[in-house]
Amino acid sequence: MADTDTAPAPTAAPALPTLEDLQHWTSVMGRAQQLMMEYMSRQMTEAQATSISAPQPSAFNMPAISWPAAPIYADPTKIAQAQVGMWTQGLDIWQRALRGQPQHGALEEQANKDKRFNAPQWRDNPLFDMIRQSYLLIADRMLGSVDAIEGVDDKQREKLRFAARAFVDAMSPSNFALTNPLVLEKTLETRGENLLKGLEHMLRDLGKGQLTHTSSEAFEVGRNIAVTPGQVVKRTPLYELIQYSPTTEQVLETPLVIFPPWINRFYILDLNPKKSFIRWAVEQGLTVFMVSWKSADESLIDTTMDDYVLAQIEAVETIRDLLEVEAVHTIGYCVAGTKLAATLALLDARGEADKVASATFFTAQVDFSEAGDLSLFLGDEQMQLIGQVSAEKGYMDGRYMAATFNLLRGRDLIWNYVVNNYLMGEDYPPFDLLHWNGDTTNLPAKWHQIYLKQLYQENKLVQPGGVTIAGTPIDLTRVKTPTYVQAGREDHIAPPQSVWKITHHFKGPLRFVLAGSGHIAGVVNPPEAQKYQYWINEDPVGSLDEFVAGAREVKGSWWPDWLAWITSQNDATVSASGARVPGAGKLPAIEPAPGSYVRAR
């Protein structure tokens, strides 16, 4: 009896909201919906009054208070239609919440696929279920309104759609402590320690001016990333040339040089031994060279497009002379692939096209007529801002580029970390890919401005004679170098339909491969991982849609397909000795790979 009397009372289950609570919060949500509709109506009244004398504002220079899809509401009929539709669905959400019934319909199906609301707490508690459903309703109406806008061109519509999507993602109830049931539970469980820890994370990020995605102490270049053995055999003010040590007794006669993008570090292709394209290529019997670009500083303020193209040619010449070979295989990744196309055209104009045995393009664009969401950041006002932020030092701080790429996938690369690391106070998990993503590089301001204006805005690279390198006009339609083009099916930086356009300009033999996943995972997909797939189509086709319609899907990595293609260009082999060993030829070893430039901050 004594034991029974002193036993602790069982913890009572948290009480569900009362009917009065539900009525109160439903009223709050309903009032919020009404305020938003009234605000939209006011915005459109003002927009209609000014549209006669003023040009339509872009989604990126409009005042902060402007509603991205406001132009649709200049029509009073559409205002009424939107109000009726929203109130009808809102009333259904309210009635089901009062009756304790689960939500249903298209919005619920959408919510079931949305990982922000995967936790059962969003459904089990009627209050949070209603918050979730109300948010999805408003988001659906807002995004749908963009598609219904009349009187705007496709580019303007894309800007509006991007702005609306960014706004909707930012306003998700999962991003706020008081409307996220998981954050509230965590706060009660830790007695607020999660918020204090999250505040520490946030203040640290504010101090360094960049959002953190992974533990900064987990990785170190040369220790557990970028560890494939090799030597720096050449250093210039713009790049280091790394030669990797052979691991086979015989190697292919024709060596390979890789040009990575200078908007990131080269070790995306050498993250770790299991993910390293460099290590894999060496193990297949290729003599591999890598260009490691210098992150821009005051010494590179006069660097332009010409300098990067001429640097690629210089690297090719250096390798030809070192190994005493006639030609070199080349790979250009992303922006370096764009410049590789210019390099091939310049070599052709000089009568030296045979110095490059083949060219491979990893998710690289040459025709920017359908360049994707990045082009939305390149209006005249944005170009002026880019010039201002880089004018003082002569280079663009890499953190600006990182923020831009994060915005392209804001839900995954911004708000996901705001919730997990700021609100939930969770520690950062070690992730080599995200470490690389945050290891920013600075860009020469002159090159950056020319690149954005001449290529993204004016699309001059595909215009014969539109671009001049070192005084020589170039023409991509004269390029006949054997070419392998890889695109990522879900690439949001270099969309596959944009990458495909290279097939309209090059005139030599070309193999196009569409890989599963995106800009990074679609490239870094080692065979042993047995992930994703790729599509090939041996028939001549005129469009990407035709390619996909007749394509054959192949499971796994496309790397072996590329290797077979490379070998088919020239399968002759030589001994992996002499100059094939870093430092044993004409060029002495300067320092071990990965070199100094990749470490410079």
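**Sheet, loop and helices**

Biologist: In which loop is the place of S557?
Modeller: This is a predicted model. S557 does not sit within a strand or helix here; its place is in the loop between β15 and α20.

Biologist: Is S557 buried or exposed?
Modeller: The relative accessibility of S557 is 7%. Buried means under 20%, so at 7% S557 counts as buried.

Biologist: Which backbone oxygen does the side chain of S557 reach?
Modeller: The contacts of S557 outside its sequence neighbourhood are N525, P526, P527, K531 and Y534. A polar atom of its side chain also lies 3.0 Å from the backbone nitrogen of W559. The backbone oxygen, at 2.5 Å from the side chain of S557, belongs to N525.

Biologist: Which are the edge strands of the open sheet?
Modeller: The sheet has 11 strands with mixed pairing, in the order β15-β14-β13-β12-β7-β6-β4-β5-β2-β1-β17. An edge strand pairs on one side only, and the two that do so are β15 (552-555) and β17 (591-592).

Biologist: What is the bridge partner of V232 in β17?
Modeller: Strand β1 covers residues 230-235 and runs antiparallel to β17, with 2 bridges joining them. In β17, the partner of V232 is E591.

Biologist: Which residue in β2 does G230 stand opposite?
Modeller: β1 is also antiparallel to β2 (residues 239-244), through 5 bridges. A hairpin of 3 residues joins β1 to β2. Opposite G230 in β2 stands Y244.

Biologist: At about how many degrees does helix α20 run to β7?
Modeller: Helix α20 (residues 559-569) lies across six named strands, β4, β6, β7, β12, β13 and β14. Its direction relative to β7 is at about 165 degrees.

Biologist: Where in α15 is the kink centred?
Modeller: Helix α15 (residues 410-423) has 14 residues, and a straight helix would reach 20 Å at 1.5 Å a residue. The end C-alpha atoms of α15 are only 17 Å apart. The helix has a kink of about 30 degrees, centred on N416.

Biologist: Which helices are among what covers the buried residues of α15?
Modeller: The buried residues of α15 are G410, L413, I414, Y417, V418, V419, N421, Y422 and L423. What covers them includes α8 (181-190), α9 (193-208), α14 (398-408) and α16 (432-438).

Biologist: Which residue just after α15 takes a positive phi?
Modeller: The helix itself ends at residue 423. Just after α15, a positive phi of about 70 degrees is taken by G425.

Biologist: In which helix is the place of F405?
Modeller: F405 is buried, with a relative accessible area of 15%. Leaving aside neighbours within four places in sequence, F405 is in contact with I263, L374, L413 and I493. Of these, L413 is among the buried residues of α15. The place of F405 itself is in helix α14.

Biologist: What distance separates the C-alpha atoms of F405 and H492?
Modeller: The two residues are 87 residues apart along the chain. Their C-alpha atoms are separated by 9.4 Å.

Technical notes:
Residues are numbered from 1 along each chain as its sequence is written. This is a predicted model: local features need pLDDT of at least 70, side-chain atom pairs count only at pLDDT 80 or more; totals for chains, interfaces and linings use all residues. Side-chain values use heavy atoms; hydrogens and water are left out. Two strands pair if DSSP finds at least two bridges between them. Helices (H or I, at least four residues) and strands (E, at least two) are DSSP runs, numbered from the N terminus. Contact means heavy atoms within 4.5 Å. Axes are lines fitted to C-alpha atoms, for helices over the stretch in contact, and angles run from 0 to 180 degrees between N-to-C directions. Buried means under 20% relative accessible area, exposed over 50%, partly exposed in between (1.4 Å probe, protein chains only). A polar contact is a pair of N or O atoms within 3.5 Å; within protein, one must be able to donate a hydrogen and the other to accept it, and residues adjacent in sequence count only if both atoms are side-chain atoms. The expected span of a helix is 1.5 Å times one less than its number of residues. The bend at a residue is the angle between axes fitted to the seven residues ending there and the seven starting there.
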